[in-house]
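Q: Got a minute to walk me through this one? I'd like to ask things as I go.

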Amino acid sequence: MTGSFNANIPHGALDRKWTNHKDHARLVNPNNRRKFEIIVVGSGLAGGSAAASLGELGYRVKCFCYQDSPRRAHSIAAQGGINAAKNYQNDGDSIYRLFYDTIKGGDFRSREANVYRLAEVSGHIIDQCVAQGVPFAREYGGLLANRSFGGAQVSRTFYARGQTGQQLLLGCYSALCRQIAAGTVQMFPQTEMLDLVIVDGHAKGIVTRSLRTGKIEKFAGDAVVLATGGYGNVFYLSTNARGCNVTATYRAYKKGALFANPCFTQIHPTCIPHSGDYQSKLTLMSESLRNDGRVWVPKRKDDCAKSPGEIPEKDRDYYLERKYPSYGNLAPRDISSRAAKEVCDEGRGVGPGGRGVYLDFADAIKRLSQQTIAERYGNLFEVYEKITGENGYEVPMRIYPAVHYTMGGLWVDYNLMSNIPGLFVIGEANFSDHGANRLGASALMQGLADGYFVLPYTLPNYLAGQVGRRPSADAAEFKDAENNVRGKIQKLLNINGHCSLDSIHRELGMLLWDKCGMARNKAGLEETLGKIPELRERFWREVRVPGDGEDFNQSLERAGRVADFLEFAELLCIDALTRDESCGAHFREEHQTSEGEALRDDDNYASVFAWEFQGCNGTITPPKLHREALHFDTVHLTQRSYK
Amino acid sequence: MNFKLKVWRQKDGQSTGSLVDYEAPEIPPQASLLEMLDIVNERLVLAGKDPIAFDSDCREGICGTCSLSVNGEAHGPDHPGAACELYMRKFKDGQTIVIEPFRVKSFPIVKDLVVDRSALDRIVQAGGFISARAGSAPEANSIPIAKTEADLSMEAAACIGCGACAAACPNASAMLFTAAKVSHLALLPQGAPERAKRVVGMVHAMDAEGFGNCTNTYECEAVCPAEISASFIAKLNREFSRANVKRSAGE
């Protein structure tokens, strides 16, 4: 294995670890910082905040994104909010409680030390964003407002209408723009990373392709930071943007970076249901809607075809309130999603295809007035009406779970450095903080924590020992990587088959959604593992990628991404098959309590599964598993209960 | 549903383009305009032809990537909303739909329906930020901000940066875009220290990029997917005058 597989968790009491670590981390003096070139791939909340913060510190940063502007990174689509342990509501919140809720929400499959640090810096994120001019919602007295979110009994979520991700991203984009103007950050939009370059065992550069001109380029740096988001689009339909992909992290994996817990994929409970084959993406309705909306289906199958208004109160099953009385409609995402699947599997789903449940605001409108509901969620009702043509104030919304976020990602240590020295991975692209299930409003928190407050301390600790070690981009390792990239592009263009990219990607997605989605079992996963290589083979034989590599060619960009998804899907299923327990979003049907809840096996699986690529020679050699045991010194492992 | 399309095809920035006719039969009414283009593209690829290049990403109206004029209107007829939020059920069966890129001199065409809007990034780089270094921020609740001011600031901050305002404007002005950013930050106390410098820098950058000036036609407001009010342009003008008065007074 390349590099080292040690979590490097600092010694000392949980609440002192980060402080101690910062106190002893090596520093780079201000005059030396400009001698270092840092490559940041991705410009969302994690990458954008990291690039801006490193630029502010005086490093020379090159930041790459596939979008035409860093302001369009997919963090922008996050709706509901960002958590922080400010305890502004005086309702008993604390750093410990945010830490505990996150560990428990993740079903005890994340590292205590990382999660504690996340909770610890959460308050500073809000301070930072307010200072940048993020227009968070406020109370009449002028102080910041909060709302509640799933998996918590305190109100700690800060928000900017239903556009929190947009406002946080624009805050970090503005900080990035300031650094671009100052000359510390050089921005490369519409540029995709296609390979990682390793020199003497350290990550020292990347190979990119300009999506605009097709130009392949090599960039050398002193460290490489991947902030390339999640891989939800492996399922074809997800709430991710069309361009979201696994390419950067998967190609780093093929260069020796360990991929951790790929089977931890989050299915969000409140999305607009799927309506047909033509559909290119699914749209999320913020989980914050569950604060005021009540989820129900008819008690009897026969009522499903009726209009909801014709179904009297006594014939409705408010199943979340019934099954989880203390959390009710605010049960965590994995639990709410499975509960929706369950009632639909029983034949009690509503809408076309019977794959939907009602999210009903009638009671809240009666209690608070339509105006109040409109103030809270107005834009979400508009989105719903645009897509479905229905008015959510008058008839209950129909929702169904959809792939939304991926907790798995490249393995990193406490410093957010992968096993390859010099390769840092932040935000959704790493595996680190959310365990087997992420709580709502925690993705924005993690992305910004990593970029503003963790990486600026842990990256110098690595760089301090790397003065003068940046190779030239003409080194042999770069040429090899470039040849590899060119070869792959040519191979895609040469297939010249008769079948469309989308048709194969869609097929892969349906296969995964069916067998490796909200519920998984051994037989289904084995069957899928048999089918993925066939699909991959068909791709390389039958797909048609028009045009050439020398200009703007959207089919070619997508083809490279789909090719990587077709390999990555196998890793995802292997992980799901090997993790023979249920935990959080990973629900193995063989392992459930008598009430149908996820049943963990802490004795055998309280560990991170980190996979090492073993090569690909026609077929993919099974990857090698490394296990990182998770130690719980502070929290007591319990069966999650939201009843 | 069945449609006839007239789509702008242009090989690259140097070539001249033209409208090309396509048939789009059997389109589900629930499909979005972009999904309709996906279907047409899939058919083109299978027929051995070059697909139509167009930009999109989030496909839920927030990232601002899509940049299509539909039947002469930026983002099409269903306002407010981006082109990705335009659904085929809003058209008549058999209708002819003309799809063009945003037409603005400062947004050069890259290919077909794809334009280069980096000019908007450069306007923001010229001052559209608050200089708040990570780590230097005071406690978030130490500066109370009246809800009305914060809400108004949010109204302006909602801009998705798509550039439809400039595409709809007969003068190809980016005033609404610039006004939104200037107003968002000028309405907050945190934005006060750089208030004058910001507006002057951004307005000069806007002019340098070749955007035109505002003559109050309000086309920008009419097509804005984020419903940014044109009254922010008045705010921009006030901010600009204020900054110049302060400067000429030697402040």
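Q: Where does B:H75 sit?
A: B:H75 is in the loop between β4 (73-74) and β5 (96-101) of chain B. Strands here are DSSP runs (E, at least two residues) and helices are DSSP runs too (H or I, at least four), numbered from the N terminus.

Q: Before we go on, what kind of model is this, and how is the numbering done?
A: This is a predicted model, where local features need pLDDT of at least 70 and side-chain atom pairs count only at pLDDT 80 or more, while totals for chains, interfaces and linings use all residues. Residues are numbered from 1 along each chain as its sequence is written, with chains lettered from A and ligands numbered from 1 in the order in which they are written.

Q: Back to B:H75, is that residue buried or exposed?
A: B:H75 counts as buried because there are 28 C-beta neighbours inside 10 Å. The cut-offs: buried takes 20 or more other C-beta atoms within 10 Å of the residue's own, exposed means 12 or fewer, and partly exposed is in between, with C-beta atoms placed from the backbone.

Q: What does B:H75 touch?
A: Leaving out residues up to four places away in sequence, B:H75 touches B:L68, B:G81, B:A82, B:A83, B:L86, B:A164, B:V223 and B:P225. Contact means that the C-beta atoms, placed from the backbone, lie within 7 Å.

Q: And how far is B:H75 from B:A230?
A: They are 18 Å apart, C-alpha to C-alpha, and 155 residues apart in sequence.

Q: OK, what about B:I109, where's that?
A: B:I109 is in strand β6 of chain B. B:I109 is buried, because 22 other C-beta atoms lie within 10 Å. Among the residues that B:I109 touches are B:Q10, B:G13 and B:P101.

Q: Zooming out, how many helices and strands are in chain B?
A: Chain B has eight helices and seven strands. Its C-alpha atoms fill a box of roughly 65 × 40 × 35 Å along the principal axes, and buried residues make up 54% of its 251 residues.

Q: What domains does chain B have?
A: Domain 1 (3-114) and domain 2 (118-248); such bounds come from an automatic or database domain assignment. The C-alpha centres of those two domains of chain B lie 29 Å apart.

Q: How many residues of those two domains are in contact?
A: 19 residues of domain 1 of chain B are in contact with 18 residues of domain 2 of chain B. The domain 1 side has eight nonpolar, eight polar and three charged residues. Nonpolar covers Ala, Val, Leu, Ile, Met, Phe, Trp, Tyr, Cys and Pro, charged covers Asp, Glu, Lys and Arg, and the others, Gly among them, are polar.

Q: And the domains of chain A? How many residues are in contact there?
A: Chain A is assigned domain 1 (269-401) and domain 2 (476-629), with C-alpha centres 32 Å apart. Six residues of domain 1 of chain A are in contact with six residues of domain 2 of chain A. On that domain 1 side, the largest share, five residues, comes from helix α9 (residues 333-345) of chain A.

Q: Switching topic: how many residues of the two chains are in contact?
A: 62 residues of chain B are in contact with 64 residues of chain A. On the chain B side, α1(B) gives the most, with seven residues. The residues of that side divide into 31 nonpolar, 14 polar and 17 charged.

Q: Tell me about helix α13(A). Which residues are buried?
A: Helix α13 (residues 476-495) of chain A has 20 residues and reaches 29 Å from first C-alpha to last, close to the 28 Å expected at 1.5 Å a residue; the expected span is 1.5 Å times one less than the number of residues. A:F478, A:A481, A:V485, A:I489 and A:L492 are buried.

Q: Why do they line one face of the helix?
A: Seen down the axis of α13(A), the buried residues fall within an arc of 70°, so they line one face; the arc is that of the directions from the helix axis to the C-beta atoms. In general, an α-helix has 3.6 residues a turn, so residues three or four places apart point the same way.

Q: What do those buried residues pack against?
A: They pack against β6 (191-199), β7 (202-210), β8 (216-220) and α16 (554-578) of chain A. The face of α13(A) turned away from the buried side carries the exposed residues A:A476, A:G487, A:Q490 and A:N494.
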